[in-house]
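Here is a short note on the model you sent round. Please read it with the structure open.

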There are 2 protein chains.
Amino acid sequence: MSPITRRKLLASAGVGAAGVGLGAGGYLVGHETAEADDGGGSVPFYGEHQAGIGTPAQDRLHFAAFDLVDGSRAELREMLREWSLAAAEMAGGELIGDVNSERLAPPQDTGETVGLPPSRLTVTIGFGPSLFERQSLGLAGKRPPALRDIPPLPGDELDAENGGGDICVQACSDDPQVAFHAIRNLARIGRGTVAMRWSQLGFGRTSSTSRSQETPRNLMGFKDGTANIRAEDLEAMRRHVWLGDGDGPAWMRGGSYMVTRRIRMLLEVWDRSALGDQEETIGRAKYSGAPLGESDEFDPLDLEAEKDGKPAIPVDAHVRLASASANNGERILRRGYSFTDGVDPRLGELDAGLFFICFQRDPEKQFVAIQRRLGSHDALDEYIKHVGSAVFAVPPGARRGGYVGETLLG
Amino acid sequence: MSPITRRKLLASAGVGAAGVGLGAGGYLVGHETAEADDGGGSVPFYGEHQAGIGTPAQDRLHFAAFDLVDGSRAELREMLREWSLAAAEMAGGELIGDVNSERLAPPQDTGETVGLPPSRLTVTIGFGPSLFERQSLGLAGKRPPALRDIPPLPGDELDAENGGGDICVQACSDDPQVAFHAIRNLARIGRGTVAMRWSQLGFGRTSSTSRSQETPRNLMGFKDGTANIRAEDLEAMRRHVWLGDGDGPAWMRGGSYMVTRRIRMLLEVWDRSALGDQEETIGRAKYSGAPLGESDEFDPLDLEAEKDGKPAIPVDAHVRLASASANNGERILRRGYSFTDGVDPRLGELDAGLFFICFQRDPEKQFVAIQRRLGSHDALDEYIKHVGSAVFAVPPGARRGGYVGETLLG
C-alpha cells in the first residue's frame, strides 16, 4: 500500500487526470511517494499509549459507541487490525487503503477529506464491560476488575440510548470534517461486525490537557478545566491516568479507563440566574476565571479563605467539591466537549451541554467517588442533568505492524 | 452602551480584577474604549443587504427556526430591535449589552465567547409564511406573493418537526462556538415572544460563495457547488438573488428568499457503490471535480459531449439536471452545510447529510422548479431523502440605528 496524502492526491488529480479522462483508473501512478509536508499537524497513531489522551485536546470531537453484531473473536481481531491501519493512515493525512481503486469497486476511502491536512486527528479505541460478556468471544476471564458499569449516581437521569456500548471510538481533530470522516469510515469498515449504538458530536473543547493551551469556556460561559491534569505533568499522569504494573491484567498496562457522561445544561435556567449566583455556584469569577477572592485564574484554590466571616468559596461550590483536596487527592484527566443536538421537544429548549470525557486509573476511586459527592452536594446540580453514561477500558497503544487490542486478542 | 470587545474584556479582567476582588462590580471602568483590532475578521451587520448571503461562506452554521408565542406587533418589533442590536455587537466581537452588570442581575451576555474574536459571524433573519397568518399581527396584507410554503415535491419524506417556522435565524461563523452563542443569546432575548421550533448545526460548509474560496467537499466525498453563483458576479446576484423594484412589496427590496432543506444522505448505500457509479450519478470526477470527460474542475459543463456514442455526462446525472441550461437559465445561490445528528435509531445508521440553504428572487421559479425536475429524474435520488423543508422572506439589511424587519413593521 502506497501512502498517498490527501493533499498530494488533489495535486495529482488536477495534473494527472488531464491526459486520462473519463473511465481511466490508476492516474496516480508515478505520484506514489509520501508527502513530507503534513500541514495542519499530524499526531502519530502508533506509540506506547493510544493518542487522544495525553494529546493536547483538539478543538472538535466525533465520538461513537458500537455493539458487536457478529461475535467471533477472529472477526473482532480482523476489524481492529483494519481499524488500526485506517486510523494510522488518517492520522497521517493519507487516504485509507489504495487510491488506485477500480472504477467498478467502491472507493476504499469515502473522500470527504481529500485536500484537507491531518488536522491533528487522533483515534482512541476502548472496550466496554458488555464486550466481555459476549459468550462467543470467550473474554469473560480477561475483564479487568476495575472495568464495571458506572453504578447509579445521585441525580442521574440516564437515557439508555445515549450510554453503554461494547466498543467506543473517540475521534478528535481541529477540523470537524476530519473527525466525522474517521468515525464514518471506521463504521463502514466494521459493518457486519459492529453496529453503531450512539454517537456524539462535540463542537468545542472544554478542557486544556497541555500547558501550551489556553483554558476554554464551557456553555455556562465559565473557564473550564483550569485545575485539569496537564500531560506535561508526567508524575500526575503516572499517578492518576496510566495503568502501571500493579493495575489489573497485563494487557491493560499503558492503558487507561475512560468515562463519558452526557451532561445536559439547563441553559435557560442558568441564563436567568444572577452573575453573583453563577460565580458562587462555580466558585470562580466568570470573566477572569480566578477562584473567588483571588485575582488570577491560576491562583491556588484556597478552600480555607474567608470573606466577611464566611468561606470565600462557598461550601457547595463546584470547584470546592471537585477539588483534589476534597477527594483524598484523587484527580482525573478531563477531555470533554460542548455539544448541541437541536431542540428538546419536551421542553422547547436547546438540548445542549457538556459531553464529559475523563481518563483515570480506577473509575470507582476517581470518577465515581468524585461524582457521588458532586451529585449530592454540588450547587451546580440545579443547572445540569446527567443523561448519558458509559465506561471503557482503553488498551495501550499499538506498535507499527500491530493493532490496538492486540494485547487482549493477539 | 460602550463597546467592549470580548478580547478587551479578557485583558481587563486579568488586570482590573486584582485590586477589586469578590463582589465588586464595575471593574471595567476606564477600559471602555472599542478595540481597533478585530482579530478573526468581522463582517458588518448593517448594510443594504443582510450579511450571510453574499458573505463568503463561513465554515460553521447554527440555524434556528422560531414560532411566535405572543402575538403583538409591538413586541415583535421590540424583539427584532433587540436582536439587531445584539447581532451587531456580536458581529463586532463585542459583548451583548453592558458588561458592567450588577452581580444581582443575570449577565446580559452568556459569556462563552469571551476571549474569542468575531470569527466572521453573520446573523441573517427571515420571516416564514406562517408569520403573516398570525391574526394579532395583522400582516396578512403584507405577505409577498412569492412567499408561499414549498409545495410537496417528488420524493419528499418530510418530517414536520424539522421544517417551517415563523422566523428564522441563520448564524454562520468560522468558529462553531461563536455561531452557537449567537443563536443561544437571540433565543434568550426572544424568550416570551418566540419559542424555538427546530435548529440545525452544520459542521462544514458545502458551498463557495466567493471566488476567493476553494470548493469544499460534501459527505459524498465530491466537490460541491463548483457552478455556484459567486458574490463577485454582481450581475448574477442581481438577476438571481436580490429583489429589485419590480419584485413584490417595497419592504422586500434588497432582500431575498431563503429555502432550507434537510437532506439526509444514505451514506451506507453510497459507500457501497462503485467509484464509477458515484461519478456517473454526480456527473463529475470524484477527486478532481471535473465534469466527466473534462480534466479541470472549472472546465465548462458540456452537456452535448459524447463518449463511446453516449452522453459523457449521463442523462440522469445530478449536474446535468441541476444546471442552468436544463432549467431555463435559472440559478440559485447555495450556502449549505454538512451535518450529523447521531444515529438514526430506526436504521442503525448515521443520521447525516446536507443542510441545504439557498437564496433566490423567486422560490417557485428557482428552487421549486429545479427540485421538481431533480426529485423526479436525478440519479442521486437513490442516495438521498429530503426530510425537512422551510422557506423564509429575508428582508433587506438595516441601517445603523434601525433594525432588520423595520421595512415591514416600522
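The points below go from the overall fold to one helix and then to the chain contact.

1. Status. This is a predicted model. Please keep that in mind throughout.

2. Overall fold. Chain A holds nine helices and twelve strands. Its C-alpha atoms fill a box of roughly 80 × 50 × 45 Å along the principal axes. The radius of gyration of chain A is 23 Å, which agrees with the value near 22 Å for a compact globule of 410 residues.

3. Packing. In chain A, 55% of the 410 residues count as buried. Take the contacts between residues at least 6 apart in sequence: 76% of these join residues at least 24 apart.

4. Helix α2(A). This helix covers residues 73–91. From first to last C-alpha it reaches 26 Å, close to the 27 Å expected. Its buried residues include L76(A), M79(A), L80(A) and W83(A). An α-helix has 3.6 residues a turn, so residues three or four places apart point the same way. S84(A) and E89(A) are also among the buried residues of α2(A). The cover over the buried residues includes β1, β2, α3, β4 and α9 of chain A. Just after the helix, G93(A) takes a positive phi of about 75°.

5. Chain contact. Chain A and chain B put 62 residues each into the contact. On the chain A side, α1, α3, β4, α5, α6 and β10 each supply at least two residues. Helix α3(A) gives the most, with six residues. By class, this side has 31 nonpolar, 19 polar and twelve charged residues.

6. A place to look twice. Which elements of chain A help cover the buried residues of α2(A)? Helix α3 and strand β4 are among them, and both also supply residues to the side that touches chain B.

Terms used: Residues are numbered from 1 along each chain as its sequence is written. Chains are lettered from A and ligands numbered from 1 in the order in which they are written. This is a predicted model: local features need pLDDT of at least 70, side-chain atom pairs count only at pLDDT 80 or more; totals for chains, interfaces and linings use all residues. Helices (H or I, at least four residues) and strands (E, at least two) are DSSP runs, numbered from the N terminus. The radius of gyration is taken over C-alpha atoms; the globule rule is 2.2 Å times the number of residues to the power 0.38. A residue is buried if 20 or more other C-beta atoms lie within 10 Å of its own, exposed if 12 or fewer, and partly exposed in between; C-beta atoms are placed from the backbone. Two residues are in contact if their C-beta atoms, placed from the backbone, lie within 7 Å. Ala, Val, Leu, Ile, Met, Phe, Trp, Tyr, Cys and Pro count as nonpolar, Asp, Glu, Lys and Arg as charged, and the others, Gly among them, as polar. The expected span of a helix is 1.5 Å times one less than its number of residues.
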